[in-house]
Amino acid sequence: MARRPEHTAPPEIFYNEDEAKKYSQNTRIIEIQEEMSERAYELLIMPEDQPALILDIGCGSGLSGSVLEENGHQWIGIDISQAMLDIACEREVEGDLILGDIGEGMPFKAGTFDGAISISAIQWLCNADKKHHVPQRRLYQFFTTLYACLTRNARAVFQFYPENAEQIEMITNQALRSGFYGGVVVDYPNSTKAKKYFLVLMTGGVQQLPAGLGTEESSEQIPYSKKREMAKNARGKDMKGSKQWIMHKKERRRQQGNDTRADSKYTARKRSGRF
């Protein structure tokens with residue numbers, strides 16, 4: 001059995017330049033990250049046609065942030081790996097990026113964000129990579145400061161890879177101690193390969209958790225990954241990654257008053273190390 005990444009090295013070391021490159025070159029990794037980000041966004045249940053500010057926790061190379069962009073939202077990402085953030089900068093993502101250790105807490109003002117997502121990040125907090133690290137304390141510090149910087153009707157959705165039932169319980173207990181309501185949603189619980197865990201947290205009181213995918217499937221249901229693709233095609237949006245799509249993104253950044261690279265003959269040109 002392969003070693004879990006969090007047992008190999010601390011995240012700021014494991015996600016070095018070589019590992020970070022995989023998130024811009026390996027099509028399988030890109031596909032998986034985007035699918036999980038789509039699902040996490042779906043579980044946020046954001047109001048339609050209402051742009052929001054969303055926090056991307058463990059944002060990495062910005063793949064999850066790109067999903068938020070496509071849905072019309074602004075985002076801020078935080079990650080402990082400088083190499084991963086460098087890849088995000090190379091990709092010219094629209095979100096603002098912060099280098100930081102989420103176990104030390106969220107450095108944002110109260111009520112800043114309308115929601116939060118996280119892909120494959122919080123299980124790292126269950127490790128004690130330094131002598132002074134106590135997983136329960138780091139999880140509590142993270143969740144209490146996250147709760148504070150969310151609005152009072154917000155959701156936070158975390159896709160994660162739990163090592164065992166005890167780890168799920170530890171993460172969930174610290175989240176609930178911090179003021180959140182919610183629990184774990186499991187997609188495809190009867191599949192070894194397709195099973196995915198999502199911690200869905202709410203600040204606005206007790207609400208019913210969404211149903212996991214694959215629990216009551218029928219032939220009439222459309223997989224979530226296809227729904228947005230069909231909707232985007234129906235709205236006549238440009239294909240992701242095309243020159244028209246990139247030019248549209250850059251023009252939107254200019255209208256928002258953000259710094260944007262000038263157009264050139266190299267704009268949207270395919271090159272090695274990019275996608």
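**Aromatic pairs and nonpolar cores around helix H6**

In this predicted model, the count of aromatic pairs comes to 11. One of them joins Phe-143 and Phe-158 in an edge-to-face arrangement, with 5.8 Å from centre to centre and 80 degrees between the ring planes. Because Phe-143 belongs to helix H6 and Phe-158 to strand S5, this pair ties together parts that are 15 residues apart in sequence. Both Phe-143 and Phe-158 are buried. Ring pairs also place these two residues in a cluster with Phe-142, Tyr-147 and Phe-180. A charged side chain accompanies the cluster member Tyr-147: Arg-152 lies over the face of Tyr-147, at 4.4 Å from the ring centre. A further arrangement of this kind involves Arg-177, which lies over the face of Tyr-140 at 4.3 Å from the ring centre.

The protein as a whole contains 9 helices and 7 strands. Of its 275 residues, 45% count as buried. The exposed surface amounts to about 15,000 Å², of which carbon and sulfur atoms supply 49%. Among contacts with a separation of 6 or more, 67% are accounted for by residues 24 or more positions apart.

Helix H6 spans residues 135-149 and has 15 residues. From its first C-alpha to its last, H6 reaches 21 Å, close to the 21 Å expected at 1.5 Å a residue. The buried residues of this helix are Pro-135, Arg-138, Leu-139, Phe-142, Phe-143, Thr-145, Leu-146 and Cys-149. These buried residues pack against four strands and a helix, namely S1 (53-57), S4 (113-119), S5 (150-160), S7 (196-202) and helix H7 (165-177).

In soluble globular proteins, nonpolar side chains tend to be buried together. The largest nonpolar core of the model holds 29 residues, of which Leu-55, Met-106, Phe-142, Phe-143, Leu-146 and Phe-158 touch the most other members. Two or more residues of this core come from each of S1, strand S2 (74-79), S4, H6, S5, H7 and S7. Apart from this core lies another, of 21 residues, among them Tyr-41, Ala-52, Trp-75 and Val-200. Within the largest core, Phe-142 offers an example of the surroundings of a single member. When residues up to four places away in sequence are not counted, Phe-142 touches Ile-57, Ile-102, Met-106, Ile-122, Leu-125 and Phe-158.

Phe-180, a further member of the aromatic cluster, is placed in the loop between H7 and strand S6 (181-187). Its relative accessibility is 3%, so Phe-180 counts as buried. Beyond residues up to four places away in sequence, the contacts of Phe-180 are with Phe-143, Leu-146, Tyr-147, Leu-150, Ala-175, Leu-201, Met-202 and Thr-203. The last of these, Thr-203, is 23 residues from Phe-180 in sequence, yet their C-alpha atoms are 5.3 Å apart in space.

Gln-174, in helix H7, is likewise buried, with a relative accessible area of 8%. With residues up to four places away in sequence left out, Gln-174 touches Gln-136, Leu-139, Tyr-140 and Phe-143. Tyr-140 is thus touched by Gln-174 and has Arg-177 over its ring face, while Phe-143 is also the partner of Phe-158 in the edge-to-face pair.

In strand S6, Val-186 is partly exposed, with a relative accessible area of 23%. Its contacts, leaving aside neighbours within four places in sequence, are Lys-195, Lys-196, Tyr-197, Gly-212, Leu-213 and Thr-215. The C-alpha atoms of Val-186 and Gly-212 are separated by 5.2 Å, although the two residues are 26 residues apart along the chain.

Two loop residues other than glycine have positive phi values. Asp-49 has a phi near 60 degrees and is found in the loop between helix H3 (27-44) and S1. At 81% relative accessibility, Asp-49 counts as exposed. Glu-92 has a phi of about 60 degrees and is found in the loop between helix H5 (82-90) and strand S3 (96-99). Glu-92 is partly exposed, with a relative accessible area of 29%.

Notes. Residues numbered from 1 in each chain as written. Predicted model: local features only at pLDDT ≥ 70, side-chain atom pairs only at ≥ 80, totals over all residues. Heavy atoms only, no water. Expected span 1.5 Å × (residues − 1). Buried < 20%, exposed > 50% of the residue type's maximum accessible area, 1.4 Å probe, protein only. Contact = heavy atoms within 4.5 Å. Areas by Shrake-Rupley, 256 points an atom, 1.4 Å probe, with all protein chains shown as cover. Phe/Tyr/Trp six-rings, centres within 6.5 Å; stacked < 30°, edge-to-face > 60°. Lys NZ or Arg CZ within 6 Å of the ring centre and 35° of its normal. Core = buried A, V, L, I, M, F, W, Y, C linked by side-chain atoms within 4.5 Å.
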